[in-house]
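Trainee: Can we go through this one together? I'd like to start with what the exposure words stand for.

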Number of protein chains: 2
Amino acid sequence: MNTLINDIEVIKTDQTTINNVDFDNLQFGHVFSDHMLECDYKDGKWHAPKVVPYGPITLDPSAKIFHYGQSIFEGMKAYKDEDGNILLFRPLDNFKRLNISAKRLAIPELPEAYFMEGLKALLKVDSDWIPKKEGCSLYIRPFIFATGKGFHASPADEYKFLISTAPSGAYFAGKLKVLIEEKYSRSANGGVGFAKAGGNYAGQFYPTQLAIEKGYQQVIWTDDNTHEFIEEAGAMNIFIRIKDTLITAPISDRILDGITRKSIIELAKAEGLNVEVKKITVSEVVAAAKDGSLKEMFGAGTAAVISPIAGFGYKDEDFELPELENTYAGFLKKRITDIQTNKCEDPFGWRYKV
Amino acid sequence: MNTLINDIEVIKTDQTTINNVDFDNLQFGHVFSDHMLECDYKDGKWHAPKVVPYGPITLDPSAKIFHYGQSIFEGMKAYKDEDGNILLFRPLDNFKRLNISAKRLAIPELPEAYFMEGLKALLKVDSDWIPKKEGCSLYIRPFIFATGKGFHASPADEYKFLISTAPSGAYFAGKLKVLIEEKYSRSANGGVGFAKAGGNYAGQFYPTQLAIEKGYQQVIWTDDNTHEFIEEAGAMNIFIRIKDTLITAPISDRILDGITRKSIIELAKAEGLNVEVKKITVSEVVAAAKDGSLKEMFGAGTAAVISPIAGFGYKDEDFELPELENTYAGFLKKRITDIQTNKCEDPFGWRYKV
């Protein structure tokens with residue numbers, strides 16, 4: 001029977017799969033909740049979204065997603081506090097960024113209410129899927145792709161917006177070693193690097209595989225012209241602590257405006273840490289590693305939260321980072337996680353109760 | 001009933017749609033033939049392809065094609081000569097390039113026999129779909145995309161390879177005006193610009209829309225660092241004739257190794273034309289337009305064949321190309337089309353009889 005939640009039509013599944021899920025041993029993004037939000041663009045407009053049972057998508061073989069890569073996505077997380085409240089973190093920023101990505105990929109922008117009310121209705125329906133275990137969360141994946149048909153290389157006339165959720169554990173397992181890239185690139189000036197576009201990820205897989213074969217888990221991308229400036233890690237923005245200064249690259253048309261990144265900058269400043277948003281070169285990082293002033297490196301992103309980097313490779317040389325007792329990474333991760341999970345005050349107004 | 005053609009299993013449709021098609025008024029890539037080739041990668045290998053009725057593809061919402069842009073494709077054309085022979089043009093080059101794209105996008109490479117024998121079986125089954133009208137052809141779209149599931153940003157473990165075909169007319173209608181890009185970019189050094197990856201196309205749509213709003217049909221991409229070097233047009237490589245020299249940019253990791261492009265270079269050389277493969281700057285082209293030494297510009301690609309450019313825009317200035325009686329574009333287009341359609345000898349061995 002159909003119901004309405006937040007004015008969103010809900011068609012419930014009659015077969016939950018929640019009892020098959022081992023909530024004590026969650027991988028990242030591997031099992032999917034019972035429902036999804038579905039919303040179609042056709043005849044020149046987005047039509048009202050519905051919560052429907054999670055299930056297969058059927059497309060024509062000429063659907064443009066298969067040919068021309070028109071796809072964008074977001075990553076978010078939902079938590080449950082001790083009182084059972086469902087909590088999000090800066091969800092409007094994800095919505096706004098989705099539309100920034102949409103514009104660059106020539107995808108029609110989505111109305112805010114379809115995103116926000118649709119998301120809230122979905123979370124209410126699948127609220128039992130939100131893990132309670134520390135370090136776990138319900139990973140939320142809003143995404144849009146081109147369903148319109150035809151082999152002409154031009155924007156599609158039809159699209160699908162979906163939100164699917166997955167109860168998830170940590171994104172990275174074990175110590176994180178990264179390779180600073182000298183040959184391959186993630187994005188171009190004037191390109192789509194700032195957008196969460198599918199194609200940005202596929203292009204990273206092969207260089208990342210090469211890095212994995214050498215014993216690293218991730219690549220740190222550098223600018224495509226000189227390979228001298230640190231950019232981002234594809235799934236994370238990068239922070240570098242030299243002495244007591246925390247440095248991260250400014251956003252640009254090549255670098256994603258990460259929500260965790262900007263929250264860390266604000267949080268660190270509020271906590272009185274010295275934060276500099278500036279271009280930083282590989283040479284500076286290597287020199288700091290050599291003279292001992294390089295104290296920490298960490299990645300920051302929704303999926304990875306704050307992931308400390310244990311060491312990095314560059315031009316066939318390996319550099320280990322010191323094992324400090326009190327790290328900025330640890331301090332900031334606890335602060336941001338406490339805010340996200342309602343374990344402390346939220347002076348920034350980031351927490352969002354569904 | 002299932003049959004075997006070229007050792008490929010064929011499952012025929014019992015409902016042809018060929019009688020709905022107006023073969024005298026074909027658009028490009030708009031109607032699709034009765035059958036398609038389908039081939040799946042799972043459990044670590046590609047499984048034998050089948051010719052099956054053209055029909056919908058069903059995917060899990062977490063299929064990686066929707067999220068991480070792992071998709072590549074090729075473009076080819078089939079012709080029928082007066083004796084009813086089915087003809088392809090350098091098909092092995094498309095196969096090889098598909099695997100070059102596959103490697104860069106971390107997609108498992110495809111066995112040659114699955115591509116070639118599968119394609120031939122498909123064309124034999126749908127041979128009635130090959131248009132006979134001059135300027136028309138059966139456009140062939142081989143493509144591979146990630147079907148494996150999960151929200152982790154890593155290569156999929158399952159893929160689908162399809163070949164679908166579409167009886168098609170001309171790609172461009174009317175006079176072609178192009179805009180030389182000064183802000184946006186198509187590809188990065190060390191990126192995926194040389195691959196036929198879906199994401200390369202989506203990134204071009206928005207800048208192309210801006211160009212269309214200004215009265216152009218296509219963008220000529222320049223390098224992302226200086227915007228001074230002419231690269232390609234996204235759907236075509238670019239040739240520029242200054243006086244009696246035909247110039248095109250060398251291929252690189254940013255520029256597609258176009259099969260029409262390299263055929264034109266060989267053909268023009270064999271015909272005694274002066275051809276130079278070298279970097280050419282926007283300043284050179286603008287200066288040549290101003291002093292009258294710029295005789296022709298044209299795009300070259302499988303879909304567009306050879307498309308003469310009537311004029312270009314750069315920095316708010318418009319340049320018209322002269323209307324010559326005997327053009328290299330016209331001469332080379334006739335030569336290459338005659339070879340493709342078996343109207344003349346083929347000294348290069350490019351024509352391929354199915």
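Mentor: Buried means under 20% relative accessible area, exposed means over 50%, and partly exposed is in between, with a 1.4 Å probe and protein chains only. This is a predicted model, where local features need pLDDT of at least 70, side-chain atom pairs count only at pLDDT 80 or more, and totals for chains, interfaces and linings use all residues. Side-chain values use heavy atoms, with hydrogens and water left out, residues are numbered from 1 along each chain as its sequence is written, and chains are lettered from A and ligands numbered from 1 in the order in which they are written.

Trainee: Is A:Cys344 buried or exposed?

Mentor: A:Cys344 counts as partly exposed, at 22% relative accessibility.

Trainee: How many disulfides are there over all chains?

Mentor: A search of the whole structure finds zero. A disulfide here is a pair of cysteine sulfur atoms within 2.5 Å. For A:Cys344, the closest cysteine sulfur is that of A:Cys136, 19 Å away, so the two are too far apart for a bond.

Trainee: And what about B:Cys136?

Mentor: B:Cys136 is in no disulfide either, and its nearest cysteine sulfur, in B:Cys344, is 19 Å away. B:Cys136 is buried, at 14% relative accessible area.

Trainee: Switching to pockets. How much space lies in the second largest pocket?

Mentor: About 670 Å³. Some terms: on a 1 Å grid over the protein atoms alone, a pocket is an open set of points with protein on both sides within 12 Å along at least five of seven lines, where a cavity is a set in which a 1.4 Å probe fits but cannot get out; lining residues have an atom within 4 Å of a point. Grid points are joined across faces, edges and corners, and the volume is the space filled by probe spheres set on the points.

Trainee: Which residues lie nearest its centre?

Mentor: A:Tyr79, A:Glu134, A:Gly135, A:Cys136 and A:Thr337, out of 32 lining residues. Strand 8 (76-80), strand 18 (305-314) and helix 7 (328-340) of chain A are the elements that give two or more residues to that lining. Helices (H or I, at least four residues) and strands (E, at least two) are DSSP runs, numbered from the N terminus.

Trainee: Which domains of chain A does the lining draw on?

Mentor: At least three residues come from each of domain 1 (2-168) and domain 2 (176-340) of chain A. The bounds come from an automatic or database domain assignment.

Trainee: OK, salt bridges. How many over all chains?

Mentor: There are 34, a salt bridge being a side-chain nitrogen of Lys or Arg within 4 Å of a carboxyl oxygen of Asp or Glu.

Trainee: What does A:Asp338 pair with?

Mentor: A:Lys334, with the closest N and O atoms 2.5 Å apart. The two are four residues apart in helix 7 of chain A, so about one helical turn separates them. A:Asp338 is buried at 13%, while A:Lys334 is exposed at 54%.

Trainee: Which pair links distant parts of the chain?

Mentor: B:Glu266 and B:Arg90, which meet in a salt bridge at 3.9 Å, N to O. B:Glu266 is in helix 5 (residues 259-270) of chain B, and B:Arg90 is in the loop between strand 9 (86-89) and helix 2 (91-104), 176 residues apart. B:Glu266 is partly exposed at 37%, and B:Arg90 is buried at 12%.
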